[in-house]
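Work through the exercises below with the sequence and model open. Try each task before reading its solution.

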Amino acid sequence: MYKVKVNDQFLFEIEHNESALLVNGDPVQLDLATLRNSSTHVLYQNKSFNTEIVELNRVDKTCKVKVNGHIYQISIEDQFDVLLKQLGLDNLTANKVSEIKAPMPGLVLKVLVEENAEVKKGDNLLVLEAMKMENILKSSTDGVIKKVLIKQGDKVEKNQILIQFK
């Protein structure tokens, strides 16, 4: 069983077994023809639909699908996601990060943030040179910088705290 949300508005429960495809408990007959890797032609109730997967994020279980020229944002939950949500364990991966540590010894080439700056997940925080390579350390979460404990030119050791979040 899958719970499929379309454009954060419409929720469908979809089940698929060897004999039928059920949408909200009702059987659905589809005639599918794959055109390319990400494109499919669908016949449903004597109507024709050209579909294409525009963007796919397997980690977040989301995708954007173009249907006859219109793009729809889709999110999918399987039975395990539903069970984790029922048990209250669905937000364990959203742990709040309180600090960024040096992943290896190196030299701080550039600090790209300052205290009280808001950062988003994936934002560049600093450039660290290690083993003659420049490494950009990125934020692993959304947050606000509490304290920057290093400056350009500092030598750092592995696991040394570089930046703290509020």
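**Exercise 1. Find how β13 and β14 pair, and place them in their sheet.**

Solution. Start with the pair. Strand β13 (residues 124-130) and β14 are antiparallel, with 6 bridges between them. Strands here are DSSP runs of E of at least two residues, numbered from the N terminus, and two strands pair if DSSP finds at least two bridges between them. Next, take one contact: glutamate 129 has glutamate 134 of β14 as its bridge partner. Then widen the view. The open sheet has 4 strands in the order β14-β13-β11-β16, paired antiparallel. Its edge strands, β14 (133-138) and β16, each pair on one side only.

The model is predicted: local features need pLDDT of at least 70, side-chain atom pairs count only at pLDDT 80 or more, and totals for chains, interfaces and linings use all residues. Residues are numbered from 1 along each chain as its sequence is written, and side-chain values use heavy atoms, leaving out hydrogens and water.

**Exercise 2. Give the strand order of the open sheet that contains β10, and explain its edges.**

Solution. The order is β10-β17-β15-β12, with antiparallel pairing. β10 (99-101) and β12 (118-119) each have a single partner strand, so one side of each lacks a neighbour in the sheet. Inside the sheet, 3 bridges link β15 (residues 143-148) to β17 (residues 161-165). Lysine 147 is bridged to glutamine 164 in β17.

**Exercise 3. List the antiparallel partners of β1 among β2 and β9.**

Solution. Take β2: it pairs with β1 over 5 antiparallel bridges. Valine 4 has phenylalanine 12 of β2 as its bridge partner. The hairpin of β1 and β2 has 3 residues between the strands, and asparagine 7 takes a positive phi near 55° there. Now take β9: 4 bridges join it to β1, again antiparallel. Lysine 5 stands opposite serine 75 in β9.

**Exercise 4. Describe the largest pocket.**

Solution. First, the volume: about 1,300 Å³. A pocket is an open set of points on a 1 Å grid over the protein atoms alone, where a 1.4 Å probe fits, with protein on both sides within 12 Å along at least five of seven lines; lining residues have an atom within 4 Å of a point. Of the 30 lining residues, Val4, Ile14, Leu30, Thr51 and Ile74 are closest to the centre. The lining divides into 22 nonpolar, 7 polar and 1 charged.

**Exercise 5. Locate the lowest and highest confidence.**

Solution. Use pLDDT, the predictor's confidence in each residue, from 0 to 100. Helix α1 (residues 79-86) is lowest, at a mean of 77; strand β16 (residues 155-156) is highest, at 96. Helices are DSSP runs of H or I of at least four residues. The protein's mean is 89.

Definitions and conventions. Grid points are joined across faces, edges and corners, and a volume is the space filled by probe spheres set on the points. Ala, Val, Leu, Ile, Met, Phe, Trp, Tyr, Cys and Pro count as nonpolar, Asp, Glu, Lys and Arg as charged, and the others, Gly among them, as polar.
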